[in-house]
Amino acid sequence: MMTNTLVVDRLVKHFHRKKPYPNNGKLTFPQKINHRLKNEKEVVKAVDDVSFRVAMGEIYGILGANGSGKSTLIRLISTLLLPDSGEISFFGYDVVKDSFKFRQMINRVSVEASFFKRLSSEENLVYAARLYGLSAREAREKAEKILVRLGFDSTRMDEMMEDLSRGMQQKIAIARALLTSPILLLLDEPTTGLDPKSKRDVQRFISEIREDNDVVVLLTTHDMVEAETLCDHIAIIDNGKFIATGTPKELKAQVSTQGDQVTLEDVFIELTGTDLAEDVE
């Protein structure tokens, strides 16, 4: 029986930003200066009272539009941001109080991964692995195995990162995250902007990770097919709040009437009023 491994309880993160210009910004220059001098701010509820549980061996998807709070939630769990309130625990470790221990168990792939662009992919991977105590030889051998499974031509590992396509760079980012054998893998829109073949390669590999290893995978996406194909459970996030959770089948049952066949996209539009097909990156 699976037990809850990652526990997020009533998590809150608010940001403060300057209020936008009133009247759609149609102000005179002195009026704009006066508005800025007042330094009025508004609260943005990026993550608003979010709670969920993820079991070992489970892929948990967070489905939402741009600006819905997906990436902020991932940054909170990865300790890149500190919550205003609420708790996050992993195997009983408080991720804030026990951050050093927690970071040894996780890794993260973001939609825009950072690299040393003038170094080769092999040099980037070896550098990252050395930070975790792996030898250069071990890193090269492990990286090559992972990249081959991702559909990456290992003979191109000596090419500079800036010469590789977006899809190839994202595969390098995934390989970098897996070099450390994380127990919790945080995937923040890992296939956004990839060509169809690269997207399929990455999605297939994510599925294999769950089958081959005891890991927890947290995946944010706005790709309906990806979410339904990969995820055991899905949460729909809107304006920082989880507005629906369940298996893909359970979510579709929420809006299905008289046995009608509905898609996950139908569910999302019904619950949020947003069509993700129009949510351009």
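In this predicted model, the side chains of Lys241 and Asp48 meet in a salt bridge, with a distance of 3.7 Å from N to O. Lys241 belongs to strand β10 (residues 241-246) and Asp48 to strand β2 (residues 41-55), so this pair ties together parts that lie 193 residues apart in sequence. The two partners are covered to different degrees: Lys241 is partly exposed, because its relative accessibility is 37% and the partly exposed class runs from 20% to 50%, whereas Asp48, at 13%, counts as buried.

A second pairing across the sequence joins Glu189 and Lys70, whose side chains meet in a salt bridge at 3.3 Å, N to O. Glu189 sits in the loop between β7 (184-188) and α7, while Lys70 is in helix α2 (residues 70-77), so the pair links parts 119 residues apart in sequence. Both ends of this bridge are covered: Glu189 is buried at 6% relative accessibility, and Lys70 is buried as well, with a relative accessible area of 3%.

A local example is found within helix α7. Here Asp201 forms a salt bridge with Lys197, and the closest N and O atoms are 2.9 Å apart. The two residues are 4 positions from each other in the helix, about one turn. Asp201 is buried, with a relative accessibility of 5%, whereas Lys197 is partly exposed at 47%. This pair is also part of a wider arrangement, as salt bridges with shared partners join Arg149, Lys171, Lys197, Asp201, Arg204 and Glu208 into one network. In general, side chains of opposite charge can pair when their charged atoms come close. Across the model, the count comes to 16 salt bridges.

Attention now turns to the pockets. The largest pocket holds about 610 Å³ of space. Its lining comprises 23 residues, and those closest to the pocket centre are Leu80, Asn107, Arg108, Tyr132 and Arg176. Three elements each give two or more residues to this lining, namely β6, α4 and α6 (166-178). Helix α4 gives the most, with 5 residues. By class, the lining of the largest pocket divides into 12 nonpolar, 7 polar and 4 charged residues.

The second largest pocket has a volume of about 250 Å³. Its lining is made by Lys142, Ile146, Arg149, Leu178, Ser181, Pro182, Phe205, Ile209, Asn213 and Val215. Two elements, α5 (136-149) and α7 (196-212), each give two or more residues to this lining, and α5 gives the most, with 3 residues. Sorted by class, the lining of this pocket has 6 nonpolar, 2 polar and 2 charged residues. Arg149 is thus named twice in this account, since it lines the second largest pocket and is also a member of the salt-bridge network.

On the surface, Phe116, Leu119, Tyr127, Leu131 and Tyr132 make a nonpolar patch of about 520 Å². One of these residues, Leu119, is located in the loop between β6 (106-109) and α4 (121-131). Leu119 is partly exposed, because its relative accessible area is 32%, and this value is compatible with patch membership, which requires over 30%. Tyr132 provides a point of contact between the two descriptions: this residue belongs to the nonpolar patch and is also listed with the residues closest to the centre of the largest pocket.

How values were computed: Residues numbered from 1 in each chain as written. Predicted model: local features only at pLDDT ≥ 70, side-chain atom pairs only at ≥ 80, totals over all residues. Heavy atoms only, no water. Patch = residues over 30% accessible without salt bridge, like charges linked within 9 Å, V, L, I, M, F, W, Y side chains within 5 Å. Areas by Shrake-Rupley, 256 points an atom, 1.4 Å probe, with all protein chains shown as cover. Salt bridge = Lys/Arg side-chain N within 4 Å of Asp/Glu carboxyl O. Buried < 20%, exposed > 50% of the residue type's maximum accessible area, 1.4 Å probe, protein only. 1 Å grid on protein atoms, 1.4 Å probe; cavity = no way out; pocket = protein on both sides within 12 Å on 5 of 7 lines; lining within 4 Å. Points joined across faces, edges and corners; volume = space filled by probe spheres on them. Nonpolar A, V, L, I, M, F, W, Y, C, P; charged D, E, K, R; others polar.
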